[in-house]
Amino acid sequence: MPNPSSLDVLLSPAEFDRLPRLDLRSHTCVVFDVLRATSSMVTALANGADAILPVIDIESALAVRQARPDALLAGERHGWRIGARLTGGVEFDLGNSPREFTPEAVRGRTIIMTTTNGTRALQACAGAHAVYVGAFSNLSALVEELRRVAPRKLLVICSGTFEEASLEDTLAAGALVDALWPGYEQGAIGDGAQIARCVHQQLGTDPLAAMHRARNGRRLLEQPALSDDVSFSLRRDSRSIVPRFEAGAVSLPPRACD
Ligand code: MLT
(Lines give C-alpha, C1' and ligand atoms only; values in the text may rest on other atoms or scores of the structure.)
Protein backbone atom coordinates (compact mmCIF):
# COMPACT_ATOMS: atom_id res chain seq x y z
CA MET A 1 0.00 0.00 0.00
CA PRO A 2 1.47 3.44 -0.88
CA ASN A 3 2.35 5.79 1.99
CA PRO A 4 -0.57 8.07 2.84
CA SER A 5 0.03 11.77 2.26
CA SER A 6 0.76 13.95 5.27
CA LEU A 7 0.46 17.63 6.00
CA ASP A 8 1.57 19.36 9.18
CA VAL A 9 2.71 22.71 10.50
CA LEU A 10 5.43 23.24 13.08
CA LEU A 11 4.11 26.20 15.00
CA SER A 12 6.97 27.10 17.28
CA PRO A 13 10.78 27.21 17.23
CA ALA A 14 10.76 24.91 20.27
CA GLU A 15 9.82 22.19 17.78
CA PHE A 16 12.89 22.76 15.58
CA ASP A 17 14.73 20.28 17.82
CA ARG A 18 12.31 17.60 16.59
CA LEU A 19 13.40 18.02 13.00
CA PRO A 20 16.66 16.06 13.07
CA ARG A 21 14.73 13.09 14.55
CA LEU A 22 12.25 13.08 11.65
CA ASP A 23 13.59 11.59 8.49
CA LEU A 24 13.22 14.76 6.48
CA ARG A 25 14.61 13.22 3.31
CA SER A 26 11.10 12.26 2.30
CA HIS A 27 9.57 15.61 3.32
CA THR A 28 9.11 18.82 1.44
CA CYS A 29 9.34 21.83 3.77
CA VAL A 30 8.11 25.39 3.44
CA VAL A 31 9.62 27.98 5.79
CA PHE A 32 7.76 31.17 6.71
CA ASP A 33 9.20 34.11 8.57
CA VAL A 34 6.74 36.73 7.41
CA LEU A 35 8.14 39.41 9.76
CA ARG A 36 10.57 39.62 8.19
CA ALA A 37 13.32 37.24 7.04
CA THR A 38 11.54 35.27 4.32
CA SER A 39 9.75 38.42 3.09
CA SER A 40 13.19 40.03 2.74
CA MET A 41 14.59 36.99 0.91
CA VAL A 42 11.73 36.91 -1.60
CA THR A 43 12.12 40.65 -2.19
CA ALA A 44 15.90 40.38 -2.63
CA LEU A 45 15.65 37.57 -5.20
CA ALA A 46 12.78 39.24 -7.04
CA ASN A 47 14.96 42.36 -7.24
CA GLY A 48 17.85 40.50 -8.83
CA ALA A 49 20.02 39.17 -6.00
CA ASP A 50 21.93 36.06 -7.08
CA ALA A 51 21.55 34.10 -3.87
CA ILE A 52 21.15 34.36 -0.12
CA LEU A 53 23.36 32.37 2.21
CA PRO A 54 21.43 31.99 5.48
CA VAL A 55 23.64 31.40 8.53
CA ILE A 56 22.74 30.91 12.16
CA ASP A 57 24.93 33.46 13.90
CA ILE A 58 27.01 36.59 13.44
CA GLU A 59 30.27 34.68 13.79
CA SER A 60 29.35 32.39 10.89
CA ALA A 61 28.29 35.39 8.79
CA LEU A 62 31.67 37.03 9.32
CA ALA A 63 33.50 33.79 8.52
CA VAL A 64 31.59 33.38 5.23
CA ARG A 65 32.33 37.05 4.43
CA GLN A 66 36.07 36.34 4.82
CA ALA A 67 35.78 33.70 2.13
CA ARG A 68 33.36 35.81 0.01
CA PRO A 69 34.51 39.44 0.36
CA ASP A 70 32.27 40.41 -2.57
CA ALA A 71 29.10 39.34 -0.73
CA LEU A 72 26.80 41.69 1.18
CA LEU A 73 26.19 41.14 4.89
CA ALA A 74 22.55 41.40 6.01
CA GLY A 75 20.59 40.65 9.12
CA GLU A 76 19.26 41.81 12.44
CA ARG A 77 19.39 41.37 16.14
CA HIS A 78 16.38 42.65 18.11
CA GLY A 79 15.05 43.93 14.78
CA TRP A 80 17.94 46.29 14.00
CA ARG A 81 20.76 46.05 11.48
CA ILE A 82 23.83 44.42 12.96
CA GLY A 83 26.46 47.02 13.73
CA ALA A 84 30.09 47.21 14.77
CA ARG A 85 29.30 46.80 18.47
CA LEU A 86 28.07 43.22 17.91
CA THR A 87 30.73 42.22 15.40
CA GLY A 88 33.88 43.77 16.82
CA GLY A 89 34.05 46.40 14.11
CA VAL A 90 32.18 45.30 10.97
CA GLU A 91 29.01 47.16 9.94
CA PHE A 92 26.48 44.99 8.12
CA ASP A 93 25.45 46.39 4.74
CA LEU A 94 21.74 45.73 5.20
CA GLY A 95 19.34 44.99 8.02
CA ASN A 96 16.29 42.74 7.72
CA SER A 97 13.79 45.21 6.33
CA PRO A 98 12.38 43.92 3.03
CA ARG A 99 12.24 47.56 1.87
CA GLU A 100 16.05 47.72 1.99
CA PHE A 101 16.50 44.94 -0.59
CA THR A 102 15.99 47.23 -3.59
CA PRO A 103 17.26 46.42 -7.09
CA GLU A 104 19.97 49.09 -6.63
CA ALA A 105 21.17 47.47 -3.42
CA VAL A 106 21.08 43.79 -4.36
CA ARG A 107 21.08 43.18 -8.12
CA GLY A 108 23.75 40.61 -9.02
CA ARG A 109 24.88 40.25 -5.40
CA THR A 110 25.16 37.30 -3.04
CA ILE A 111 23.84 38.13 0.42
CA ILE A 112 25.04 36.48 3.62
CA MET A 113 22.16 36.72 6.06
CA THR A 114 21.67 36.02 9.74
CA THR A 115 18.42 36.76 11.57
CA THR A 116 17.13 35.70 14.96
CA ASN A 117 14.71 33.00 13.81
CA GLY A 118 14.29 32.86 10.04
CA THR A 119 17.77 31.72 9.09
CA ARG A 120 17.73 29.26 12.01
CA ALA A 121 14.45 27.74 10.75
CA LEU A 122 15.88 27.28 7.26
CA GLN A 123 18.99 25.58 8.60
CA ALA A 124 16.83 23.31 10.79
CA CYS A 125 15.26 21.70 7.73
CA ALA A 126 18.41 21.54 5.64
CA GLY A 127 18.11 17.73 5.35
CA ALA A 128 14.69 17.81 3.70
CA HIS A 129 13.97 16.52 0.21
CA ALA A 130 13.13 20.09 -0.83
CA VAL A 131 12.85 23.39 1.06
CA TYR A 132 10.81 26.34 -0.23
CA VAL A 133 10.87 29.91 1.07
CA GLY A 134 7.42 31.35 1.70
CA ALA A 135 5.99 34.79 2.35
CA PHE A 136 2.66 36.52 1.73
CA SER A 137 4.31 38.17 -1.26
CA ASN A 138 4.76 34.85 -3.11
CA LEU A 139 1.92 32.82 -1.60
CA SER A 140 -0.05 32.12 -4.80
CA ALA A 141 3.13 31.22 -6.71
CA LEU A 142 4.02 28.84 -3.89
CA VAL A 143 0.57 27.26 -3.91
CA GLU A 144 0.78 26.79 -7.66
CA GLU A 145 4.24 25.21 -7.43
CA LEU A 146 3.21 22.85 -4.61
CA ARG A 147 0.09 21.80 -6.53
CA ARG A 148 2.32 21.06 -9.50
CA VAL A 149 4.92 19.10 -7.49
CA ALA A 150 2.29 17.51 -5.18
CA PRO A 151 4.69 16.34 -2.41
CA ARG A 152 3.41 13.34 -0.44
CA LYS A 153 4.76 14.73 2.83
CA LEU A 154 4.51 18.46 3.34
CA LEU A 155 5.79 20.13 6.49
CA VAL A 156 5.35 23.86 6.97
CA ILE A 157 7.76 25.53 9.38
CA CYS A 158 6.77 28.70 11.23
CA SER A 159 9.94 30.52 12.30
CA GLY A 160 8.22 32.23 15.22
CA THR A 161 9.49 34.99 17.47
CA PHE A 162 12.43 34.15 19.72
CA GLU A 163 11.35 30.81 21.27
CA GLU A 164 7.61 31.30 20.75
CA ALA A 165 4.99 30.76 18.08
CA SER A 166 4.02 33.83 16.06
CA LEU A 167 0.63 34.87 14.77
CA GLU A 168 1.98 36.14 11.42
CA ASP A 169 3.71 32.89 10.48
CA THR A 170 0.75 30.82 11.68
CA LEU A 171 -1.54 32.96 9.53
CA ALA A 172 0.62 32.49 6.41
CA ALA A 173 0.99 28.76 7.07
CA GLY A 174 -2.79 28.55 7.49
CA ALA A 175 -3.38 30.31 4.17
CA LEU A 176 -1.10 27.80 2.46
CA VAL A 177 -2.69 24.82 4.22
CA ASP A 178 -6.17 26.06 3.35
CA ALA A 179 -5.28 26.38 -0.34
CA LEU A 180 -3.70 22.91 -0.47
CA TRP A 181 -6.27 21.19 1.78
CA PRO A 182 -8.14 19.24 -0.93
CA GLY A 183 -4.91 17.46 -1.89
CA TYR A 184 -4.27 16.23 1.66
CA GLU A 185 -7.60 15.78 3.39
CA GLN A 186 -7.66 12.03 2.72
CA GLY A 187 -4.22 11.69 4.37
CA ALA A 188 -2.72 12.41 7.77
CA ILE A 189 -3.28 16.01 8.80
CA GLY A 190 -1.46 17.11 11.94
CA ASP A 191 -2.97 19.30 14.62
CA GLY A 192 -0.51 22.06 13.73
CA ALA A 193 -2.05 22.21 10.25
CA GLN A 194 -5.57 22.23 11.71
CA ILE A 195 -4.67 25.06 14.09
CA ALA A 196 -3.00 27.16 11.39
CA ARG A 197 -5.98 26.70 9.05
CA CYS A 198 -8.41 27.77 11.79
CA VAL A 199 -6.28 30.87 12.53
CA HIS A 200 -6.28 31.77 8.84
CA GLN A 201 -10.03 31.24 8.53
CA GLN A 202 -10.63 33.39 11.61
CA LEU A 203 -8.17 36.25 10.96
CA GLY A 204 -7.09 35.98 7.33
CA THR A 205 -9.51 38.59 5.97
CA ASP A 206 -7.71 41.39 7.82
CA PRO A 207 -4.06 40.43 8.33
CA LEU A 208 -3.01 43.98 9.26
CA ALA A 209 -5.47 44.00 12.15
CA ALA A 210 -4.06 40.63 13.19
CA MET A 211 -0.55 42.12 13.27
CA HIS A 212 -1.67 44.48 16.04
CA ARG A 213 -2.29 41.34 18.10
CA ALA A 214 1.07 39.76 17.21
CA ARG A 215 4.14 40.24 19.39
CA ASN A 216 6.56 40.89 16.52
CA GLY A 217 3.94 42.85 14.60
CA ARG A 218 3.39 45.20 17.56
CA ARG A 219 7.14 45.57 18.13
CA LEU A 220 7.71 46.62 14.49
CA LEU A 221 4.63 48.84 14.35
CA GLU A 222 5.85 50.74 17.42
CA GLN A 223 9.16 51.66 15.70
CA PRO A 224 8.67 54.50 13.17
CA ALA A 225 11.67 53.34 11.10
CA LEU A 226 10.40 49.75 10.86
CA SER A 227 6.62 50.04 10.98
CA ASP A 228 6.15 50.15 7.17
CA ASP A 229 7.79 46.72 7.01
CA VAL A 230 4.56 45.24 8.36
CA SER A 231 2.24 46.36 5.54
CA PHE A 232 5.03 45.71 3.00
CA SER A 233 5.37 42.12 4.25
CA LEU A 234 1.61 41.55 4.13
CA ARG A 235 1.27 42.52 0.45
CA ARG A 236 -0.19 39.40 -1.03
CA ASP A 237 1.11 37.99 -4.32
CA SER A 238 3.26 40.95 -5.31
CA ARG A 239 5.93 38.43 -6.48
CA SER A 240 5.62 35.32 -8.60
CA ILE A 241 8.89 33.63 -7.64
CA VAL A 242 9.37 30.49 -5.55
CA PRO A 243 12.85 30.44 -3.97
CA ARG A 244 14.40 27.15 -2.87
CA PHE A 245 16.95 26.52 -0.12
CA GLU A 246 19.46 24.00 -1.39
CA ALA A 247 23.14 23.28 -0.66
CA GLY A 248 23.35 26.19 1.77
CA ALA A 249 21.86 28.83 -0.51
CA VAL A 250 18.43 30.32 -1.13
CA SER A 251 18.03 31.01 -4.84
CA LEU A 252 15.67 30.67 -7.77
CA PRO A 253 15.63 27.47 -9.79
CA PRO A 254 17.17 27.93 -13.24
CA ARG A 255 14.58 28.86 -15.86
CA ALA A 256 13.77 26.21 -18.43
CA CYS A 257 15.13 27.11 -21.86
CA ASP A 258 12.57 28.54 -24.29
C1 MLT B 1 13.75 36.72 12.59
O2 MLT B 1 14.44 36.08 11.77
O3 MLT B 1 13.64 36.40 13.77
C4 MLT B 1 12.92 37.92 12.14
O5 MLT B 1 12.98 38.09 10.78
C6 MLT B 1 13.11 39.07 13.06
C7 MLT B 1 12.86 40.44 12.46
O8 MLT B 1 11.74 40.95 12.49
O9 MLT B 1 13.78 41.05 11.95
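This report describes the nonpolar cores, one buried strand, the ligand site and some backbone features of a predicted model.

**Cores**

The largest nonpolar core of the model contains 40 residues, and Val9, Val30, Phe32 and Leu176 are those with the most contacts inside it. Helix H7, which spans residues 167–184, supplies the largest share of this core, namely nine residues. Leaving aside residues up to four places away in sequence, Leu176 touches Val30, Phe32, Leu139, Leu142, Val143, Leu146 and Val156. Another core, of 31 residues, lies apart from the largest one, and its members include Leu10, Val31, Ile52 and Val250.

**Strand S7 and its partner**

Strand S7, made up of residues 130–134, is mostly covered, with five of its five residues buried. In a regular strand, side chains alternate between the two faces of the sheet. In S7, Ala130, Tyr132 and Gly134 point one way, whereas Val131 and Val133 point the other way, and all of these residues are buried. Strand S2 (residues 28–32) runs parallel to S7 and is joined to it by five bridges. Phe32, one of the residues with the most contacts inside the largest core, has Gly134 as its bridge partner in S7.

**Ligand site**

The residues surrounding the ligand are Asp33, Leu35, Arg36, Ala37, Glu76, Asn96, Thr115, Thr116, Asn117, Gly118, Asn216 and Arg219. Three polar contacts to oxygen atoms of the ligand are listed here.

| Residue | Polar atom of the residue | Distance to a ligand oxygen atom |
|---|---|---|
| Leu35 | backbone | 3.2 Å |
| Thr115 | side chain | 2.6 Å |
| Asn216 | side chain | 3.4 Å |

On its own the ligand has 270 Å² of accessible area, and the protein covers 96% of it.

**Backbone features**

Leu35, whose backbone contributes one of the contacts in the table, is joined to Arg36 by a cis peptide bond with an omega of about 10 degrees. Arg36 belongs to the loop between S2 and helix H1 (37–46), and Arg36 is also among the residues that surround the ligand.

Two further residues have a positive phi although neither is a glycine, with values of about 50 degrees for Phe162 and about 60 degrees for Asp237. Phe162 sits in the loop between strand S8 (153–158) and H7, while Asp237 is placed in the loop between helix H11 (228–234) and strand S10 (244–246). Because its relative accessibility is 29%, Phe162 counts as partly exposed; Asp237, with a relative accessible area of 35%, is likewise partly exposed.

Notes: Residues are numbered from 1 along each chain as its sequence is written. This is a predicted model: local features need pLDDT of at least 70, side-chain atom pairs count only at pLDDT 80 or more; totals for chains, interfaces and linings use all residues. Side-chain values use heavy atoms; hydrogens and water are left out. A nonpolar core is a set of buried Ala, Val, Leu, Ile, Met, Phe, Trp, Tyr and Cys residues joined through side-chain atoms within 4.5 Å. Buried means under 20% relative accessible area, exposed over 50%, partly exposed in between (1.4 Å probe, protein chains only). Helices (H or I, at least four residues) and strands (E, at least two) are DSSP runs, numbered from the N terminus. Contact means heavy atoms within 4.5 Å. Two strands pair if DSSP finds at least two bridges between them. A residue is near a molecule or strand if one of its heavy atoms lies within 4 Å of it. A polar contact is a pair of N or O atoms within 3.5 Å; within protein, one must be able to donate a hydrogen and the other to accept it, and residues adjacent in sequence count only if both atoms are side-chain atoms. Accessible areas come from the Shrake-Rupley method with a 1.4 Å probe; for residues, only the protein chains shown count as cover.
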